[in-house]
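Reader: I have a protein chain to look at. Can we go through it by question and answer?

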Amino acid sequence: MKEDTWWKLVAGTGLITLSLTINTIHYLIFQDAYHIFIYFVGELVFIPIEVLVVTLIIDQMLESREKQQRMEKLNMVIGTFFSTTGTPLRDRLVRADPGIGVLRQRLVVSDRWRKNDFVEIKAVMGNNEGCVAMERVDLDAVRDFLVKNEDFLFRLAENPMIFKHESFTDLILALSHLTEELKGRDTFSGLPTDDTGHLAIY
C-alpha cells in the first residue's frame, strides 16, 4: 500500500473512532440518544452544501490562485530567456529581413502619435510574419551564439513549466533543433539551396 494511501486510511479511521468515542461519552453522560440522532441528521443534511462550498468554490479559488502563481513564474522564465538569448538572437536575425527598413520607419514614434497610431502599428506588427534572407545571415556567428547558450536552452526544455505555454515551447524546441543543425555543419560556404532552405525553416 502506498504511503499516501496508508496515511489517509489511518487519518480517516482515527477521525471516525474519535467521533464515535465523543458520541458514546455524550450518551453515557446525558443518556439522550434522541438529540444525538437529531444532530447527526442535521449535519448530514448540510453535507452536500459543505461539499459544494469546498469543492466548487474554495477549491476553484485555490486553483485559480495556483494558476496565477504558475503564470507569474512562467513569465519570469520567459523574461529570462529573452533577456539572455531571445533578444540578442533576434537582433542578429532581424538585420537579414529584407523588409525591416520599411517596418523600422513605421516604428519611429513621435510626440504627435495618438492612440489610433499605436493601435495601427500594433496591427501591423501582428500581421508581420518576418522574412530572413539566409544569404545575409552570419551563420557562423549564430552557431557560436547558440552553442554558447545551449546549456541554458537545454535547461529550459527540461522545465515542465514551459509546456503550459505552447508557442514558447515550440520556440525552444525550434532553437534546439537549429542548434543541432548548425553544429552538424563544418562550414556554411557553398551550401546547397535545399540545405539553406532547410535551415531557414527554423
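Reader: Which residues of α2 are buried?

Author: Keep in mind that this is a predicted model. A residue counts as buried when its relative accessible area is under 20%. In α2, the residues that meet this are Ile36, Leu74, Val77, Ile78, Phe81, Thr85, Gly86 and Leu89.

Reader: On which residue is the kink in helix α2 centred?

Author: Helix α2 covers residues 33–94. The helix has a kink of about 55°. The residue at the centre of that kink is Phe82.

Reader: Which residue caps the N-terminal end of α2?

Author: Look at the backbone nitrogen of Tyr34. A side-chain oxygen lies 3.4 Å from that nitrogen. The oxygen belongs to the capping residue, Asp32.

Reader: Are Phe81 and Phe82 buried or partly exposed?

Author: Buried means under 20% relative accessible area, and exposed means over 50%. Phe81 has 1% relative accessibility, so Phe81 is buried. Phe82 has a relative accessible area of 37%, so Phe82 is partly exposed.

Reader: How many aromatic pairs does the structure hold, and what is the geometry of Phe81 and Phe82?

Author: The structure holds three aromatic pairs. In the pair of Phe81 and Phe82, the ring centres are 5.0 Å apart and the planes meet at 75°. Planes over 60 degrees apart count as edge-to-face. That angle passes the cut-off, so the geometry of Phe81 and Phe82 is edge-to-face.

Reader: What is the geometry of Trp113 and Phe118?

Author: The ring centres of Trp113 and Phe118 are 5.1 Å apart. Their planes are at 70°, so this pair is edge-to-face.

Reader: Which residues form one aromatic cluster?

Author: Two members are the phenylalanines at positions 81 and 82. Phe168 joins them. The cluster is Phe81, Phe82 and Phe168.

Reader: How many helices and strands does the protein chain have?

Author: Read along the sequence, the pattern is α-α-α-α-α-α-α-α. Every element in that pattern is marked α. The count is eight helices and zero strands.

Reader: Why is the protein chain described as more spread out than a compact globule?

Author: The globule rule gives 17 Å for 202 residues. The chain is well over that value, so it is more spread out than a compact globule. Its C-alpha trace spans about 100 × 50 × 25 Å along the principal axes. The radius of gyration behind this description is 31 Å.

Reader: What share of the residues of the protein chain count as buried?

Author: The chain exposes about 15,700 Å², and carbon and sulfur atoms supply 61% of that area. Of its 202 residues, the buried share is 19%.

Definitions and conventions
Residues are numbered from 1 along each chain as its sequence is written. This is a predicted model: local features need pLDDT of at least 70, side-chain atom pairs count only at pLDDT 80 or more; totals for chains, interfaces and linings use all residues. Side-chain values use heavy atoms; hydrogens and water are left out. The bend at a residue is the angle between axes fitted to the seven residues ending there and the seven starting there. Helices (H or I, at least four residues) and strands (E, at least two) are DSSP runs, numbered from the N terminus. Buried means under 20% relative accessible area, exposed over 50%, partly exposed in between (1.4 Å probe, protein chains only). A polar contact is a pair of N or O atoms within 3.5 Å; within protein, one must be able to donate a hydrogen and the other to accept it, and residues adjacent in sequence count only if both atoms are side-chain atoms. The radius of gyration is taken over C-alpha atoms; the globule rule is 2.2 Å times the number of residues to the power 0.38. Accessible areas come from the Shrake-Rupley method with a 1.4 Å probe; for residues, only the protein chains shown count as cover. Rings of Phe, Tyr and Trp (its six-membered ring) pair if their centres lie within 6.5 Å; planes under 30 degrees apart count as stacked, over 60 as edge-to-face and the rest as tilted.
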